[in-house]
Amino acid sequence: MQKTYLITGATSDVGTALIRRIARAGDIVIAQGAGDLEKLQSLQDTLPCKLFLFDVNLTDEAALDGFIQTVQAQFGAITHFVHFPALRMVNTKFKKFDEARFLLDMNVQVLSAVRICKAFLPQMAKNKYGRVLFMLTSYIIGIPPKNATAYIVAKNALKGLAQSLATEYAPAKVTVNCVAPYMMETKFLADTPDLVVQASAAQNPMGRNARVEDVVPAIDFLLSDEAGFITGAVLPITGGAAY
């Protein structure tokens, strides 16, 4: 069976690593980035799959609609949708909550996911096959950390979307799952103070933060045919720090 993956936020460290892992001859990977596709251009001639790159601002309603229409016209139904995009988390007290930035992040993380799922999940259901996966965070498990309100609210909204879709589409054999990694040392932490990153590593039972190579295999499994009876799950990838 040929598989067609739509990966948003594909230029992230996790997105790039996932593309390398899932690349199989005959499959199609549609990768969305926003002004940073050069990170993926070198992969186009090296992978066994067909990799198509799209530069799309997910906060632009017209651009997102155009992207969805292009994918539908060029590729038809997709089999897998993986959603990674998010604004970088900013550690700040609630009294300095930035409403404009929060709304922008909700557009990037949640509303874009809603619109893409609305466009493609009905066809997955008709085909009786589909895999959807969202990136969450271990911050939504148990007691959340301080100074991360905007990020935590957005991730909880994404979790609610995933679990609602999981319930609705389970009879059609479409699964919707999430991974919730511990703090992961990627470029996403560019705006996080080093002391915060170091403290997070020290507090983890395994004495370190998560790595891309800890997270991508779990994503690959949840996207696989073998995971067909798993849906609505939030998989902690935390080194024992949260579960």
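User: How much accessible surface does the chain have, and what share of that belongs to carbon and sulfur atoms?
Analyst: This is a predicted model, and its accessible surface comes to about 11,600 Å². Carbon and sulfur atoms account for 55% of that.

User: What does the radius of gyration say when you set it against a compact globule?
Analyst: The chain has 243 residues, and a compact globule with that many would have a radius of gyration near 18 Å. The chain comes in at 17 Å, so the value agrees with the globule rule. If you'd like the spans too, the C-alpha trace covers about 45 × 40 × 35 Å along its principal axes. Buried residues make up 50% of the 243.

User: How are the helices and strands ordered from the N terminus on?
Analyst: There are seven of each, helices and strands. The run goes β-α-β-α-β-α-β-α-β-α-β-α-α-β. As for contacts between residues at least 6 apart in sequence, 71% of them join residues at least 24 apart.

User: How many aromatic pairs are there, and what makes the one between Phe81 and Phe134 the kind of pair it is?
Analyst: The structure holds seven aromatic pairs. In the Phe81–Phe134 pair, the ring centres are 6.3 Å apart and the planes sit at 80°. The cut-offs are 6.5 Å for pairing and over 60 degrees for edge-to-face, so Phe81 and Phe134 do pair, and they do it edge-to-face. Phe81 belongs to strand β4 (residues 80-83) and Phe134 to strand β5 (residues 130-135), so this pair ties together parts that are 53 residues apart in sequence.

User: Why are Phe81 and Phe134 put where they are on the buried-to-exposed scale?
Analyst: Buried means under 20% relative accessible area. Phe81 is at 1%, so it counts as buried. Phe134 is at 0%, so it is buried too.

User: And what makes the Phe97–Phe102 pair tilted?
Analyst: Here the centres are 5.3 Å apart, and the planes meet at 55°. Stacked would need under 30 degrees and edge-to-face over 60; 55° fits neither, so this pair is tilted. Phe102 has 17% relative accessibility, which is under the 20% limit, so it counts as buried.

User: Which residues do ring pairs link into a cluster?
Analyst: Those are Phe52, Phe54, Phe67 and Phe75.

User: Which residues touch the most other members of the largest nonpolar core?
Analyst: That core has 83 residues, and the ones with the most contacts to other members are Ile7, Leu18, Ile19, Ile30, Phe81, Phe134 and Ile219. Helix α4 (residues 99-127) gives the most to this core, namely ten residues. To see what surrounds Phe134, leave out residues up to four places away in sequence: what it touches then includes Phe81, Ala113, Cys117, Leu158, Leu161 and Cys178.

User: How do you know that Cys117 has no disulfide partner in Cys178?
Analyst: Go by the sulfurs. A disulfide needs a pair of cysteine sulfur atoms within 2.5 Å. The sulfur of Cys117 has its closest cysteine sulfur in Cys178, 10 Å away, so that's too far for a bond. A search of the whole structure turns up zero disulfides. Cys117 is at 4% relative accessibility, so it counts as buried. Cys49 is buried as well, with 5%.

User: What makes Lys128 and Lys173 stand out in their phi values, and where do they lie?
Analyst: Neither is a glycine, yet phi is positive: about 60° for Lys128 and near 65° for Lys173. Lys128 is in the loop between α4 and β5, while Lys173 is in the loop between α5 (149-169) and β6 (174-181).

User: Why is Lys128 called partly exposed but Lys173 exposed?
Analyst: Exposed takes over 50%. Lys128 has 48%, which leaves it between the two limits, so partly exposed is the right label. Lys173 has 58%, so it counts as exposed.

User: Last one: is Val212 buried or exposed, and what is it in contact with?
Analyst: Its relative accessible area is 16%, under the 20% cut-off, so Val212 is buried. It is in helix α7 (residues 212-222). Leaving aside neighbours within four places in sequence, Val212 is in contact with Asp13, Val14, Ala17, Met184, Thr186 and Pro217.

Technical notes: Residues numbered from 1 in each chain as written. Predicted model: local features only at pLDDT ≥ 70, side-chain atom pairs only at ≥ 80, totals over all residues. Heavy atoms only, no water. Phe/Tyr/Trp six-rings, centres within 6.5 Å; stacked < 30°, edge-to-face > 60°. Helix = DSSP H or I, 4+ residues; strand = E, 2+ residues; numbered from the N terminus. Buried < 20%, exposed > 50% of the residue type's maximum accessible area, 1.4 Å probe, protein only. Core = buried A, V, L, I, M, F, W, Y, C linked by side-chain atoms within 4.5 Å. Contact = heavy atoms within 4.5 Å. Rg over C-alpha atoms; globule rule 2.2 N^0.38 Å. Areas by Shrake-Rupley, 256 points an atom, 1.4 Å probe, with all protein chains shown as cover.
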